[in-house]
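Me: I'm new to this one and would like a close look at its aromatic rings. Could you walk me through them, starting from the surface and working inwards?

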Amino acid sequence: MTDAQTPQQFTFKAETKQLLHILIHSLYRDREVFLRELLSNASDAINRLRFEMLTDHNVLDPKAELNIRIKADKDAHTITIQDTGIGMTHDEIVDHLGTIAQSGARRFLEAAKEKNQDASQMIGQFGVGFYSVFMVAEWVRVTSRSFRPDAEAVTWYATGDDSYQVSPAEMTERGTRIEIKLKEDAAEFADDFRLKNIVHKHSDYIGFPIYVGDEEKPVNKQTSLWRTSRQEVTEEQYKDFYRQTTLDFEDPLMHVHMVTDAPVQLYALIFFPAKAERGVFSLRKDDGLKLYSRNILIDEYNKDLLPEYLRFVQGVVDSEDLPLNVSRETVQSSGLMPKLKKVLTNQVIKELETLAKKDAEKYASFWSEFGVYLKQGIAASPADTDTITPLLRFKTNINPEAWSSLDDYVSRMKDGQKVIYYIVGEDSKSVLRSPHLDAFQADKTEVLLLTDPMDSFMLMGLHKFKEYELKSVAGAEVDGASQPRAESEAEKIPEGDFNSLIEKFKQVLGDRVTDIRASSRLVQSVARLVDADGSSNPELQRVYKYLGKEYETPKKVLELNPAHAMLKDLLALETESSLQTIIIEQIFDSALLVEGLHPDPSSMASRVQQIMEAALKGRG
Ligand code: ADP
Ligand code: MG
C-alpha cells in the first residue's frame, strides 16, 4: 500500500476533545438538533457549490440535482445524510472536521463552564455545528468527493474519543455522505416519520429539496412564506402558517409581512394573536420570534428582536445581512441585532397606529387583550413612553363605554383646561360614585378612569402627554385656577357654625386624620379624604398594595361639604348627643370605604344598625 491508501490516524485538538467529552457524556433534552446542524452544513455546502458554478464550469457532475437525502435503517440503527454540495478534499476534511474551525464551539465551551448551564439548551441556541452529531452517534463516517474533477474521495471516521482516521474512499458522485451509527439510547432517530418531523420543525425552509427515505417528494417547503412576494401569498396561507407555527386554534388578529433593504436587509412575517392567553396546546412555550439566517433557523425564541412590552408578538425574522458562516452566538453579539430590533419595533408600532385609525373596533379588541403589556412598557421602559402613549386607550366619566385615546381626550378638553385629570380606583362603577368626581361630574369635565391594577404602575412612568400634565382628582387643590368647583354659596353653612362642626369632628376622630376642612369640590357627597400636602404619591401607595408589601397608608385630610344638607342636620342635633358621634364616625368610615382604604368594613355593621334604629324612631 502506498502512503495515500493507508488510514492515517490523527489526534483531536485539546478543545475538540473537551467539547466531544461534554457532548458524549451529558444528558440532553433536545438531541434532535444534531440533524438541524448537519442539514445546515449540507445546505451551506450546496450554496457554496452554486457560487462556484457561477464562475467555474469545470465541476464534477454539473447536472446533479442540488439536494439532500436522508435515509434511515431501523434495524441497523443508522442514518445517512447525503448532499450534492461542494464536497471536501483530503486536506479540507482534516482541516474542517479535525479542529474546531468555528469560534462558536470555543465560546460554547467557555459559556458552558462559566454558567454551568444545561449544555443542550445552549447547543440549541448557539449550535456547535458538526460535532453535535456525537450527542446521538456511536460512530460517524464522513465520505466526501470534492467538486474539483481531479479530486479523490476521502473518508473520515471517529467514535468520539481522542482520535479520528482519514483514508481514501470509493465515491464517484460529487458531495458529502455522513453515516451515523446511533447509540442504543438514540435508536429512535432511525425512523422516517421522526426524521420528517425534525426536518419540518427545524429545517423546513432550507432552500434545497430534502428527501427522506425513498420518497420522491421533498419533505421541506423550500421556499419560505416570508421570502415569497406579498402579492403571491393568500390570506389563507398566512393563517395556515400562523396556526402551524403556533398551534393557536384561533386566527391571528392581524399579520405584517415586511421586506426591507435599508438600514438592514430583512424579511419578517409577524402576527398579533387574537388572545393573550396561550392555549394549552400551543407550540410556543416561550416568548420570542424565530430568527432565521438565510432560511436556517438560528433561534427558536429570540427575545432580542422586540422590546419586552411587545413580547406577545409572534413570527419569523430572516436576514441576509448575517454572514454566511456565522455561528449562532456571533449573531447575538453582532451589531446587527439592535438594528433589526429598531426596524421591527418601529414597524409594529406603526401597524398598531394604523389599525387604531382604520379599524377602531379591531383595535379595541387588541387593546382589551394586550393593553396591559403596553401599560407595563410605560412603567418598565421610560425611554419608550412617547412611542407607547399614542397607543393607550381609556374609559372616562363622560365616555364610560368607549375607549378614548389621550388625543381624543385633549380634543374634548374645555377651554382653559390645562391638565389631564384621572381617578384611580378598583372598578369603574365605584370610581364613578367617588366623591372626588363630584365637581367634575357636575360641570362635565372629563376624567380618565384608571381601574386596572397595571394603571398604577403605568402612572409611575406617565406624567405628561404633549404639554398636558396628568393630575389625580383625588389630590387636594390640584390646580385652583382651572379645576372645577361646586358653586353654591347661598346654601353653605355659615362659617361660624361650620367651624364648630369641624371642632366636633376633630374631637371624635382625633389623630386618625391629619386635618379637617371645608372643600369646594363636593356636590353630592358629604365628605372625601385627600392626601395631606407633601405626603407620598398615592399611586405608589397602590403599587405597594398590589405588590403585597407591608405599607402603612399615610393619614389623610378629611374634607367636608359645607353645603350638604346632612351636615346641617347634624349641626342641629343636640351637642354631645351620642347620635352625633356615631354619625361622624360613619362619615369617616364611609370615606375610607370609597377610597378602598377601610381596614375592616364589617366592623361598621353594628353602628349602621344604631343609625337605622335612630332613623326609624325619628319617623315614628
Ligand atoms: P460551521 O458550519 O459553522 O462552519 P460546522 O462544525 O458545522 O461549523 O462545520 C465545520 C466545517 O466542516 C464547515 O465549515 C465545512 O467547511 C465543513 N463541512 C461540514 N459539513 C459539510 C458538508 N456536508 N459538505 C462540505 N463541507 C462540510
Ligand atoms: Mg454548521
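Reply: About 30,300 Å² of the protein is exposed, and carbon and sulfur atoms supply 50% of that (areas by the Shrake-Rupley method with a 1.4 Å probe). Keep in mind that this is a predicted model, where local features need pLDDT of at least 70 and side-chain atom pairs count only at pLDDT 80 or more. Residues are numbered from 1 along each chain as its sequence is written, and side-chain values use heavy atoms, leaving out hydrogens and water.

Of the 620 residues, 49% count as buried, meaning under 20% relative accessible area.

Now the rings. The whole structure holds 23 aromatic pairs (Phe, Tyr or Trp rings, the six-membered one for Trp, with centres within 6.5 Å; stacked under 30 degrees between planes, edge-to-face over 60, tilted for the rest). Take phenylalanine 272 and phenylalanine 312: their centres are 6.3 Å apart and their planes at 50 degrees, so this pair is tilted. Phenylalanine 272 sits in strand 10 (residues 266-272) and phenylalanine 312 in the loop between strand 12 (296-302) and strand 13 (314-319), so the pair ties together parts 40 residues apart in sequence. Strands here are DSSP runs of E, at least two residues, and helices are runs of H or I, at least four, numbered from the N terminus. Both phenylalanine 272 and phenylalanine 312 are buried.

Tyrosine 363 and phenylalanine 366 make another tilted pair, 5.4 Å centre to centre with 45 degrees between the planes. They're 3 residues apart in helix 10 (residues 360-380), about one helical turn. Tyrosine 363 is buried at 2% relative accessible area, and phenylalanine 366 is buried at 0%.

Key
Chains are lettered from A and ligands numbered from 1 in the order in which they are written. Buried means under 20% relative accessible area, exposed over 50%, partly exposed in between (1.4 Å probe, protein chains only).
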